[in-house]
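Reader: I should like a close look at a single part of this model, namely the way its helices are placed against the sheet and against one another. Please treat the matter as one connected account.

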Amino acid sequence: MGNTILIVEDDMALWYVYKYSLRHLDAELLFAKNGQAALEILDSKTPTLVILDMRLPLVSGLELLKHFQRVLRLANTPIILTSSMKEYSTPAPNGVFIHKPAKPDAITRTVDNVLALTG
């Protein structure tokens with residue numbers, strides 16, 4: 001397995017959309033249903049890429065973004081933000097945002113582009 005992608009999404013029905021959209025990748029997909037679960041995964045894993053829903057229970061997407069900035073080994077991790085609310089598109093550290101509801105081809109294209117840029 002090449003890449004590890006952490007998908008932080010509280011709508012578990014969307015997990016299937018992500019699995020389908022990213023099926024072509026040689027990647028381990030890790031899923032967290034809330035911000036606290038994501039922090040627990042990040043204690044032991046350093047993902048290649050994170051897909052982060054901004055509206056999460058327990059720990060918000062904004063708090064997770066701050067966590068990535070504070071933890072040195074995570075600071076350069078590419079993050080794709082997702083939300084149905086456009087106001088969350090501006091704080092993206094790398095300017096990558098997927099507006100929900102996202103179509104599988106948009107997810108595939110965005111993830112492929114980010115992975116290509118980060119090598």
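Author: In this predicted model, helix α2 lies across strands β1 and β2, and its direction makes about 140 degrees with that of β2. Helix α4, residues 104-118, also packs on the sheet, where it touches β1, β3 (49-53), β4 (79-83) and β5. The direction of α4 stands at about 140 degrees to that of β3.

The sheet beneath these contacts is open and consists of 5 strands in the order β2-β1-β3-β4-β5, with parallel pairing. Strands β2 and β5 occupy the edges and have a single partner strand each, so one side of each is left without a neighbour in the sheet. On average, neighbouring strands are turned by 15 degrees against each other, direction ignored. The two strands crossed by α2 are themselves paired: β1, residues 3-8, joins β2 in the parallel sense over 6 bridges. Within this pairing, Ile5 has Leu29 of β2 as its bridge partner.

The helix contacts may now be taken in turn. Helix α2 (residues 35-44) packs with helix α3 (residues 61-70) at an angle of about 20 degrees, and their axes are 10 Å apart. Since angles under 35 degrees count as roughly parallel, α2 is roughly parallel to α3. The crossing of α2 past α3 is right-handed. On the α2 side, Gly35, Ala38, Leu39 and Leu42 make the contact, while α3 contributes Leu64, His67 and Phe68. By class, the residues of this contact comprise 5 nonpolar and 2 polar, with no charged residue.

A second helix contact involves α4, which also packs on the sheet. The axes of α1 (residues 13-21) and α4 come within 9 Å and cross at roughly 55 degrees; the two helices are therefore oblique to each other. This crossing of α1 and α4 is right-handed. Val17, Tyr18, Tyr20 and Ser21 of α1 meet Pro104, Ile107 and Thr108 of α4. The contact of α1 with α4 contains 5 nonpolar and 2 polar residues and no charged ones.

As to confidence, the protein chain averages a pLDDT of 90, and 90% of the residues score at least 70. The two edge strands of the sheet mark the extremes: confidence is highest in β2 (residues 27-32), at a mean of 97, and lowest in β5 (residues 97-99), at 88.

Note on methods
Residues numbered from 1 in each chain as written. Predicted model: local features only at pLDDT ≥ 70, side-chain atom pairs only at ≥ 80, totals over all residues. Heavy atoms only, no water. pLDDT = per-residue confidence, 0-100. Helix = DSSP H or I, 4+ residues; strand = E, 2+ residues; numbered from the N terminus. Axes fitted to C-alpha atoms, helices over the stretch in contact; angles between N-to-C directions. Parallel < 35°, antiparallel > 145°, perpendicular 65-115°, else oblique. Left-handed = near helix turned anticlockwise from the far one by under 90°. Contact = heavy atoms within 4.5 Å. Nonpolar A, V, L, I, M, F, W, Y, C, P; charged D, E, K, R; others polar. Pairing = 2+ DSSP bridges.
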